[in-house]
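Biologist: I am new to this structure. Please take me closely through one part, the surroundings of the ligand, and then follow the chain outward from there.

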Amino acid sequence: MYDVIVLGGGPGGYAAAIRAAQLKGSVVLVEEAAMGGTCVLRGCIPSKIWLRTASLMEQARKAGDFGLKLDVQGLDCAAVVARKEGVSNEIAMGMTALLANNGIEVVMGRGTVESGHTVRVGDKVLEGKNIIIATGSTLAPCTIPGAEGLVLTTDELLGMSDVPGSVLVTDPGPIGVECAMLLAILGCKVTYAVPGPRILPDEDQDSAQRLASALRERGVKIMPRCTLERVENGACLLKSKKKEESVTVDKVLWSLRAPVATGFGLEALGVALGEDGGISVDEHCATSVAGIYAIGDCTGGWMLSHVASAMAICAAENAMGKPSVFNQSLVSRAIWGIVQMGSVGLSEEQAERQGREVEVGSFPYAINGYAMLRGEVDGAVKVVADAGTGEILGVHIVGSQASELIGEAVLAMQLECTVHEFAKGFRVHPAFCETVVDAFRDTEGWALYLPRRG
Ligand SMILES: Cc1cc2nc3c(=O)[nH]c(=O)nc-3n(C[C@H](O)[C@H](O)[C@H](O)COP(=O)(O)OP(=O)(O)OC[C@H]3O[C@@H](n4cnc5c(N)ncnc54)[C@H](O)[C@@H]3O)c2cc1C
């Protein structure tokens, strides 16, 4: 009998297997397709490969500002796809090697959970003291009537041989924003219709506005409060409160994802699911059935790789008898591109809705020396704090390297550092990270390089 059976070889399952093995567990990992999961094969890594190309393209176009004479002659999609596959394969191979190095058995095939302690893979029945479900997510079926012929899934986008002439994007979340940014930089005409008043409804309003401006500057047409109702004779019918509009595009991007939580035995065992169809788990990543844990995208909520890996550590430690808790409030989010976003914790609006007395500070990239010398002045850091205690409630960064800078805020929140303590720190110069300290100082009203308040 194994100590732990892990179902799924994405970033969640892979991390869970290794952590359980580090704790001296005997571990088997079951994967039905290929090691790496969505992240390595169809998600984070492939999309950032494309965004890297787009970012270099945009920088090359601005080379003249830096005294360079460069001429971007075109885009070789086949070369980008080949690079994407090379990097993804290299990572997947590394994962396989590291599983072997940790003494983890890998069984290829579709796993079905037959009881709280058994998983069937074909003729093989695996027995374990604990099971960790890490079956991830998949593209949800497209539900827009008439759209079949126009749909461009994210999987197809990341393997494209040509950039479509025009695309309608409807996903207001991070994947939609990244795809809209990518396509626009590569020369596609992008219409971005979102059901609510703005893109990124779960993020701070200021961040969403800054990213919307960055998209508009790259030619994206954003249509708020518009829902794609149906496609008729090749035209996309968009409905808003006041009117119905028709947009003709070559493709409609489809990126909606659904947790993989059913179809492999959990229903029969009575494992509880949440409203979004994900497997319900408590703070220990335990499901409603003893001995079965679930982590990552299959639990719904924030569907992010680093969340899957962090939940993996928690589930594996609990399965191996080492009590562990997953801290949801430290989930950071990011968007890559030229103008990036990094965020953690509550937005200003969310903090106010929770009845907190909020104090806010911010600092623009436009007066940071490093941002100026690099020609990357679009962006700002915003801090949301409790006015009474100085507790950091959220940090929201938009601009170059925001996805890296947000790590500072995550660490500060993890260590329960106050705004005052953060503001007293200092950083290397010239650097983007100086803006983070400056925004914390502004929260206390003494940012040195901003005009006096009041
Ligand atoms: C376009 C795109 C871009 C993204 N960009 C980012 C990003 O920049 N940053 C970020 O953090 N996240 C990003 N994500 C999300 C990220 O990819 C996922 O959050 C992450 O892969 C989830 O990991 P997981 O281990 O939970 O599931 P997955 O990676 O989906 O892995 C699940 C694995 O389980 C296997 N499996 C399923 N059912 C069974 C079964 N019954 N038996 C055996 N094996 C099974 C699957 O084959 C798969 O390999 C992106 C996603 C997409 C689509």
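Modeller: What follows starts at the ligand, moves through the helices around it, and ends with some unusual backbone spots. Keep in mind that this is a predicted model.

Start at the ligand. It is surrounded by 35 residues. The closest are Gly 8, Gly 10, Gly 37, Gly 136 and Gly 296. By type, the shell divides into 17 polar, 13 nonpolar and five charged residues. Several elements each supply at least two residues of this shell: H1, strand E2 (27-31), helix H2 (37-41), helix H3 (44-61) and H9.

Two of these elements also meet each other. Helix H1 covers residues 11-22, and helix H9 covers residues 305-319. Their axes come within 7 Å and cross at roughly 30°. The crossing is right-handed. On the H1 side, the contact uses Pro 11, Gly 12, Ala 15, Ala 16, Arg 19 and Ala 20. On the H9 side, the partners include Ser 305, Ala 308, Ala 312 and Glu 317. The residues of this contact divide into 11 nonpolar, three polar and two charged.

Next comes H3, another contributor to the shell. H3 has 18 residues, so at 1.5 Å a residue it should span 26 Å. Its end C-alpha atoms are 25 Å apart, which agrees. The buried residues of H3 are Ile 45, Pro 46, Ser 47, Trp 50, Leu 51, Thr 53, Ala 54 and Ser 55. They pack against H2, helix H4 (77-101) and helix H6 (174-185).

That leads to H4. This helix has 25 residues. From first C-alpha to last it reaches 36 Å, close to the 36 Å expected at 1.5 Å a residue. Val 80, Lys 84, Ser 88, Met 95 and Leu 99 are buried in H4. The buried residues of H4 pack against H1, E2, H2, H3 and strand E3 (105-108). H1, E2, H2 and H3 are among the elements that supply the ligand shell. Just after H4, Gly 103 takes a positive phi of about 70°.

Now look further along the chain, at Val 395. This residue lies in strand E22 (residues 392-399). Val 395 has 29 other C-beta atoms within 10 Å, so it is buried. Leaving out residues up to four places away in sequence, Val 395 touches Ser 343, Val 344, Gly 345, Val 383, Ile 406 and Ala 409. Ser 362 is 33 residues from Val 395 along the chain, and their C-alpha atoms are separated by 9.6 Å.

Last, the backbone. Most residues other than glycine have a negative phi, and most peptide bonds are trans. Some places here depart from that.

Leu 200 is not a glycine, yet has a positive phi of about 50°. Leu 200 sits in the loop between strand E10 (189-193) and helix H7 (205-217). It counts as buried because 25 C-beta neighbours lie inside 10 Å.

Glu 416 is not a glycine either, and has a positive phi of about 55°. Its place is the loop between helix H12 (402-414) and H13. Glu 416 is exposed, because it has 9 other C-beta atoms within 10 Å.

H13 is also followed by a loop to look at. That loop lies between helix H13 (419-423) and helix H14 (433-443), and it holds Pro 430. The peptide bond from His 429 to Pro 430 is cis, with omega near -5°.

Note on methods: Residues numbered from 1 in each chain as written. Predicted model: local features only at pLDDT ≥ 70, side-chain atom pairs only at ≥ 80, totals over all residues. Axes fitted to C-alpha atoms, helices over the stretch in contact; angles between N-to-C directions. Helix = DSSP H or I, 4+ residues; strand = E, 2+ residues; numbered from the N terminus. Left-handed = near helix turned anticlockwise from the far one by under 90°. Contact = placed C-beta atoms within 7 Å. Nonpolar A, V, L, I, M, F, W, Y, C, P; charged D, E, K, R; others polar. Near = placed C-beta within 6 Å. Expected span 1.5 Å × (residues − 1). Buried ≥ 20, exposed ≤ 12 C-beta atoms within 10 Å, placed from the backbone.
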